[in-house]
Amino acid sequence: MNMNILFCVLIGYFFGNILTAEIVAHIAAGKSAYDIGTSHNPGMANIMAYVGFVPGLITLAGDFLKCLLGALLAYRLFAGAGLGWSATLWAGLGVTLGHDFPFWKGFRGGQGGATTCAAITIFSPVIGIASMIIGMLVVFATNLLSLGGVAIPLAFALICLIC
């Protein structure tokens, strides 16, 4: 593996370990995100469902911001080293891995839906938004949030292959 790719993933992993849901849950509910809801998941969907719409939006914004910061830093450091814009995707992968498997929480974190959406939207805003619309339609059609989470990166990959 190219060492620059590894560094991009590690940069992203560092940012991904900032669990926005954990911060918001402590401020808005006075407890850990791991103690909220039925899933006990430190993610945006759990916060939105059990703490409220506004705390959920704040969590989403924080998850997007940590992905943006990781992607921008990786791009700044490694775009000129041959990675170009792919540095942002590698960092986005790292953010999602850090969000899903934070070392400081015993590698038990969120599900990575918001960070995946952020990563693909940062890389390609039009295709990212189109992929999220497809994912949203899948959720509305099936009533399964997890299926929408799978549909979004799949739609992104398919659209990228076609275009």
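**Helix packing and the largest pocket in a predicted model**

At 56% relative accessibility, Leu 145 counts as exposed, because the threshold for that class is over 50%. The structure described here is a predicted model. Leu 145 belongs to helix α8, which comprises residues 145-162. Apart from neighbours within four places in sequence, the contacts of Leu 145 are with Ala 45 and Val 139. Leu 69, by comparison, is 76 residues from Leu 145 along the sequence, and the C-alpha atoms of the two residues are 26 Å apart in space.

Helix α8 contains 18 residues, and the distance from its first C-alpha to its last is 26 Å, close to the 26 Å expected at 1.5 Å a residue. Its buried residues are Gly 148, Ala 151, Ile 152, Ala 155, Phe 156 and Ile 159. The spacing of such positions can be read against helical geometry. An α-helix has 3.6 residues a turn, so residues three or four places apart point the same way. Among the elements that cover the buried residues of α8 are α6 (113-123) and α7 (125-142).

The loop between α7 and α8 contains Asn 143. Asn 143 has a phi near 65°, a positive value in a residue other than glycine. With a relative accessibility of 68%, Asn 143 is classed as exposed. A second residue with positive phi is Phe 107, which is not a glycine and has a value of about 65°. Phe 107 is located in the loop between α5 (86-100) and α6.

Helix α8 also contributes to the largest pocket, whose volume is about 980 Å³. The lining of this pocket consists of 37 residues, and those nearest its centre are Met 44, Ala 45, Gly 113, Ala 114 and Leu 145. Two or more lining residues are given by each of α3, α4 (53-78), α6, α7 and α8. Of these contributions, the largest share comes from α8, with seven residues. Classified by type, the lining has 21 nonpolar, 15 polar and one charged residues. Leu 145 thus combines a place among the residues nearest the pocket centre with contacts to Ala 45 and Val 139.

Helix α4 has 26 residues, for which a span of 38 Å is expected at 1.5 Å a residue; the separation of its end C-alpha atoms, 37 Å, agrees with this value. Buried positions in α4 are Pro 55, Gly 56, Thr 59, Gly 62, Asp 63, Lys 66, Cys 67, Gly 70, Ala 71, Ala 74 and Phe 78. These buried residues are covered by elements including α1, α2, α3, α5 and α6.

Helix α5 has 15 residues and extends 21 Å between its first and last C-alpha atoms, close to the 21 Å expected at 1.5 Å a residue. Ala 87, Thr 88, Ala 91, Gly 92, Gly 94, Val 95, Thr 96, Gly 98, His 99 and Asp 100 are the buried residues of this helix. They pack against α1, α4 and α6. Ala 87, in helix α5, has a relative accessibility of 0% and therefore counts as buried. Beyond its neighbours within four places in sequence, Ala 87 is in contact with Cys 8, Ala 74, Tyr 75 and Phe 78. Of these partners, Ala 74 and Phe 78 are themselves among the buried residues of α4. The C-alpha atoms of Ala 87 and Leu 72 are separated by 8.7 Å, the two residues being 15 residues apart along the chain.

Helix α1 (residues 3-16) contains Phe 7. The relative accessibility of Phe 7 is 38%, so this residue counts as partly exposed. Phe 7 and Thr 115 are 108 residues apart in sequence, with a C-alpha to C-alpha distance of 18 Å.

A further buried site lies in the loop between α2 (20-29) and α3 (44-50), where Ser 32 is found. Ser 32 has a relative accessible area of 10% and is therefore buried, since the limit for that class is under 20%. When neighbours within four places in sequence are left aside, the residues in contact with Ser 32 are Glu 22, Ala 25 and His 26. The side chain of Ser 32 also reaches the backbone nitrogen of Tyr 34, at 3.1 Å.

Note on methods: Residues numbered from 1 in each chain as written. Predicted model: local features only at pLDDT ≥ 70, side-chain atom pairs only at ≥ 80, totals over all residues. Heavy atoms only, no water. Helix = DSSP H or I, 4+ residues; strand = E, 2+ residues; numbered from the N terminus. Expected span 1.5 Å × (residues − 1). Buried < 20%, exposed > 50% of the residue type's maximum accessible area, 1.4 Å probe, protein only. Contact = heavy atoms within 4.5 Å. Polar contact = N/O pair within 3.5 Å; in protein donor to acceptor, adjacent residues only side chain to side chain. 1 Å grid on protein atoms, 1.4 Å probe; cavity = no way out; pocket = protein on both sides within 12 Å on 5 of 7 lines; lining within 4 Å. Points joined across faces, edges and corners; volume = space filled by probe spheres on them. Nonpolar A, V, L, I, M, F, W, Y, C, P; charged D, E, K, R; others polar.
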